[in-house]
Amino acid sequence: MIRQTSRKYASAWEQRKASEVFQIVDDRGHPTLPVLSATQNQGMIYRDDSGRYIGHDESNEIGYKRVLPGDFVVHLRSFQGGFAHSQYEGITSPAYTVFRAKEPTSHSDRFWKHWFMSEHFIAGLSTVTYGIRDGRSISVDEFMNTFLAFPAVEEQAAISRLFDYLDDLITLHQRKRLSIRQRSPVWS
């Protein structure tokens, strides 16, 4: 249940270049960390939990990039599903770009998670996408030059709590619906 609050958010949203808000990180040399995979719906997950076998040479993991909780990853399918948010520490392909907020206390990674996966954001990625069909890539340099609008961190947190609640509610209703379908007799 969402609680009513007396706090009103009337402040104007700030607008700054992505490069003023986020920094690209390239931290390698952590081959003992678990390997993470980028997904369109779940963000970064442990590769072992992906349900797919993805063969790779473990000796190359020394060159994989470290991802921390709250980081974002620009991956091969970002043009379709947005940037992947990570809840986990691990390593990922050196082909991906990892970035995080320059001032983590001034930004809610959960807010940005929802924004970077929104239809509006994904549609806007077309301005920083090059290539054709499944070979499309995101120009991270061009993304870093785009302007982002965002509220104060308290409002970011309130917005992300609302979207987390709605996501949970949708999941609950989907599970209920599936459960009802599985219990219902099939009529021919």
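The following exchange between a visitor and a guide concerns a predicted model of a single chain.

Visitor: How many helices and strands are there in the chain?
Guide: The chain has 188 residues, of which 36% count as buried. Its secondary structure consists of six helices and 12 strands.

Visitor: Among contacts between residues at least 6 apart in sequence, what share joins residues at least 24 apart?
Guide: The count takes in contacts in the chain between residues at least 6 apart in sequence. Of these, the share that joins residues at least 24 apart is 74%.

Visitor: What part of the area that the chain exposes is supplied by carbon and sulfur atoms?
Guide: The chain exposes about 12,300 Å². Of this area, carbon and sulfur atoms supply 51%.

Visitor: Is Leu36 buried or exposed?
Guide: Leu36 belongs to strand 3, residues 36-39. A residue counts as buried under 20% relative accessible area. Because the relative accessibility of Leu36 is 1%, Leu36 is buried.

Visitor: How far apart in space are Leu36 and Ser86, C-alpha to C-alpha?
Guide: Ser86 is among the residues that Leu36 touches beyond four places in sequence, and others include Met44, Tyr46, Val67, Tyr88 and Ile91. Leu36 and Ser86 are 50 residues apart in sequence, and their C-alpha separation in space is 8.9 Å.

Visitor: With which residues is Glu155 in contact, leaving aside its neighbours within four places in sequence?
Guide: Glu155 is placed in helix 6, residues 153-183. With a relative accessible area of 12%, Glu155 is buried. Beyond its neighbours within four places in sequence, Glu155 has contacts with Tyr9 and Trp13.

Visitor: How many salt bridges does a search of the whole structure find, and which side chain meets Arg28 in one?
Guide: The search of the whole structure finds six salt bridges. Arg28 is partly exposed at 39% relative accessibility, and the partner is likewise partly exposed, with a relative accessible area of 49%. The N to O distance in this salt bridge is 2.6 Å, and the side chain that meets Arg28 is that of Asp26.

Visitor: How many residues apart are Arg66 and Asp27, whose side chains meet in a salt bridge?
Guide: The side chains of Arg66 and Asp27 form a salt bridge of 3.3 Å, N to O. Arg66 lies in strand 5 (residues 65-67), whereas Asp27 lies in the loop between strand 2 (22-25) and strand 3, so the pair links distant parts of the chain, and their separation is 39 residues. Arg66 is partly exposed, with a relative accessible area of 21%, and Asp27 is partly exposed at 30%.

Visitor: Which residues are joined into one network by salt bridges that share partners?
Guide: Glu89 also forms a salt bridge with Arg66, and the closest N and O atoms are 2.6 Å apart. Because Glu89 lies in the loop between strand 7 (84-85) and strand 8 (90-92) and Arg66 in strand 5, this pair ties together parts 23 residues apart in sequence. Glu89 is partly exposed, with a relative accessible area of 31%. Through shared partners, the salt bridges join into one network Asp27, Arg66 and Glu89.

Visitor: Which strands stand at the edges of the open sheet of four strands?
Guide: The open sheet has the strand order 2-9-6-7, with antiparallel pairing. An edge strand has a single partner strand, so one side of it is left without a neighbour in the sheet; the strands in this position are strand 2 and strand 7.

Visitor: Which residue in strand 9 is the bridge partner of Val25?
Guide: Strand 2 and strand 9 (residues 97-101) run antiparallel and are joined by four bridges. In strand 9, the bridge partner of Val25 is Val98.

Visitor: What angle does the direction of helix 3 make with that of strand 6?
Guide: Helix 3 (residues 109-116) packs on the sheet, where it touches strand 2, strand 6 (72-74), strand 7 and strand 9. The angle between the direction of helix 3 and that of strand 6 is about 25°.

Visitor: Which residues make the nonpolar surface patch of about 380 Å²?
Guide: One of the residues in the patch is Phe163, which is found in helix 6. Phe163 is partly exposed at 38% relative accessibility. The nonpolar surface patch is made by Leu162, Phe163, Leu166, Leu169 and Leu172.

Notes: Residues are numbered from 1 along each chain as its sequence is written. This is a predicted model: local features need pLDDT of at least 70, side-chain atom pairs count only at pLDDT 80 or more; totals for chains, interfaces and linings use all residues. Side-chain values use heavy atoms; hydrogens and water are left out. Helices (H or I, at least four residues) and strands (E, at least two) are DSSP runs, numbered from the N terminus. Buried means under 20% relative accessible area, exposed over 50%, partly exposed in between (1.4 Å probe, protein chains only). Contact means heavy atoms within 4.5 Å. Accessible areas come from the Shrake-Rupley method with a 1.4 Å probe; for residues, only the protein chains shown count as cover. A salt bridge is a side-chain nitrogen of Lys or Arg within 4 Å of a carboxyl oxygen of Asp or Glu. Patches are made of residues with over 30% relative accessible area and no salt bridge: like charges are joined within 9 Å, nonpolar side chains (Val, Leu, Ile, Met, Phe, Trp, Tyr) within 5 Å. Two strands pair if DSSP finds at least two bridges between them. Axes are lines fitted to C-alpha atoms, for helices over the stretch in contact, and angles run from 0 to 180 degrees between N-to-C directions.
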